[in-house]
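Biologist: I'd like to learn how to read a structure like this one. Can we go through it together, feature by feature?

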Amino acid sequence: MSFKGKVRAKEFPQELEWLNTAQPLVLSELYGKIVLLDFWTCCCINCMHVLPDLKKLEEKYPDELVVIGVHAAKFTNEKETANIRQAILRYDITHPVVNDLDGLVRRQYGVRAWPSFVLIDPEGKIVGRQSGERVYELFDRYIEGLVREFAWRGQLDRVPLELQREQGAAARFNKPQGIALDGETLYVADTQNHAVRKIDLKARQVTTLIGTGRQAQRRSTGGTGRQVALNSPWDLLVHNGSLYVALAGLHQLWRLDLQSDQIGPHAGSQRENRLDGPLLQAALAQPSGIATDGEKLYFADSEVSSIRSADLDPAGRVTTLVGEGLFEFGDEDGKGWGVKLQHPLGVLYCDGLVYVADTYNHKIKKLDLQSRRCDTLVGTGQPGSADGLATQAQLNEPSGLALAQNKLYIADTNNHRVRVFDFASGLVSTL
């Protein structure tokens, strides 16, 4: 059986910017190498899920395989090379990445979904294409065949490719995202480990509360604590003896009974979309930050750029407060359906208002639950780090919020800072 391709792969346009390499890559200069193109976007939870598979392939074929990330943005904010660089550092991506900001490469290869892959043989010809997760075994079989065939032909180049990694601080956790404090216990959403961790602050002990360490497959129905696999838990909330989990990867909200250790879906059908209705029939799309007023959960449904609510009552419903759908996003204040956000990640409830970290718009917004009026509170819409008056201050992909003593604390992710908005003075400062 021959693993050779038949159709020659198209070259990268010359004007694109590259990361994790000192110079742009040219496919014709990679003849002799096996090339795997990974079409991804940094907001996509499924794209994050395949990174461990890609790393395993790179480790198994360090001299024969070159993985190239083709970042084909969905949201406007993702087209900025500086923001892609931050994502590369967060996710510890070591292979070259090209910023396909206008989708030129994506269209050349007919890619319509994230993540998608194109495998290219050492003669520069396309072997095959694949979309979706869990790709290790498939590509391992084909890459092994290509290595064997082209080594026999004397056409395999095993000289290591010299790269230049983006520089950043080494990660200490496996990408934890959200936390919830309950007395002397801190719960942590350990996103890339697909687990929820429990930290006893007094005893200084850490244990795994939920999760097997393996990513859950679709149609997971729950069970008992550590016997249940999770899928990218993003944020947590403790309320009335229950721990609520925003499972971004399953497009659901789950609930853990802290007494019985039983966990299962609370809202969401696992279908990815923005569809309101009874809790378990509604469709969510990468729920992220969650908050509550004691009757409802309020959550940032990031991939549909919406703020939504889910009743705590199991007989309740999911309702969209603001935001329109998977491909409807922007930066528009207003009321109800006139509001547009861009990939919000964090929410905080206080006194009838939901404060929103409108991440890709680099703003904090205020949503009045009674009127459904949403207005900019902090930020100009341009990424930056300037302090000062709220309407002049700049943020860079804010993602988390906390409130204390009439001050709003902001996780200003791409600035690597904690910022403070003082409600009394209207000023933003850096903590």
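**Cysteines and overall shape**

Modeller: Let's start with the cysteines. The closest cysteine sulfur to that of C350 sits in C374, 16 Å away, so the two are too far apart for a bond. Keep in mind that this is a predicted model.

Biologist: What is a disulfide, in general?

Modeller: A disulfide is a covalent bond that links the sulfur atoms of two cysteines. To count as one here, the sulfurs must be within 2.5 Å. Searching the whole structure turns up zero disulfides. C374 is in none, as its nearest cysteine sulfur, in C350, is 16 Å off.

Biologist: Is C374 buried or exposed?

Modeller: C374 is buried, with a relative accessible area of 1%. Across the protein, 54% of the 431 residues count as buried.

Biologist: What do I make of the radius of gyration?

Modeller: Compare it with what a compact globule would have. For 431 residues that is near 22 Å, and the protein has 23 Å, so the two agree. Its C-alpha atoms fill a box of roughly 70 × 50 × 45 Å along the principal axes.

Biologist: How many helices and strands are there?

Modeller: The protein has five helices and 31 strands. Look at the contacts too: among those between residues at least 6 apart in sequence, 54% join residues at least 24 apart.

Biologist: And what about the surface and the charges?

Modeller: About 19200 Å² is exposed, and carbon and sulfur atoms supply 46% of it. As for charge, there are 49 positive and 53 negative side chains, with the centres of the two sets 4 Å apart.

Methods. Residues are numbered from 1 along each chain as its sequence is written. This is a predicted model: local features need pLDDT of at least 70, side-chain atom pairs count only at pLDDT 80 or more; totals for chains, interfaces and linings use all residues. Side-chain values use heavy atoms; hydrogens and water are left out. Helices (H or I, at least four residues) and strands (E, at least two) are DSSP runs, numbered from the N terminus. The radius of gyration is taken over C-alpha atoms; the globule rule is 2.2 Å times the number of residues to the power 0.38. Buried means under 20% relative accessible area, exposed over 50%, partly exposed in between (1.4 Å probe, protein chains only). Contact means heavy atoms within 4.5 Å. Accessible areas come from the Shrake-Rupley method with a 1.4 Å probe; for residues, only the protein chains shown count as cover. Lys and Arg count as positive and Asp and Glu as negative; His and the chain ends are not counted. The place of a charge is taken as NZ of Lys, CZ of Arg, CG of Asp or CD of Glu.
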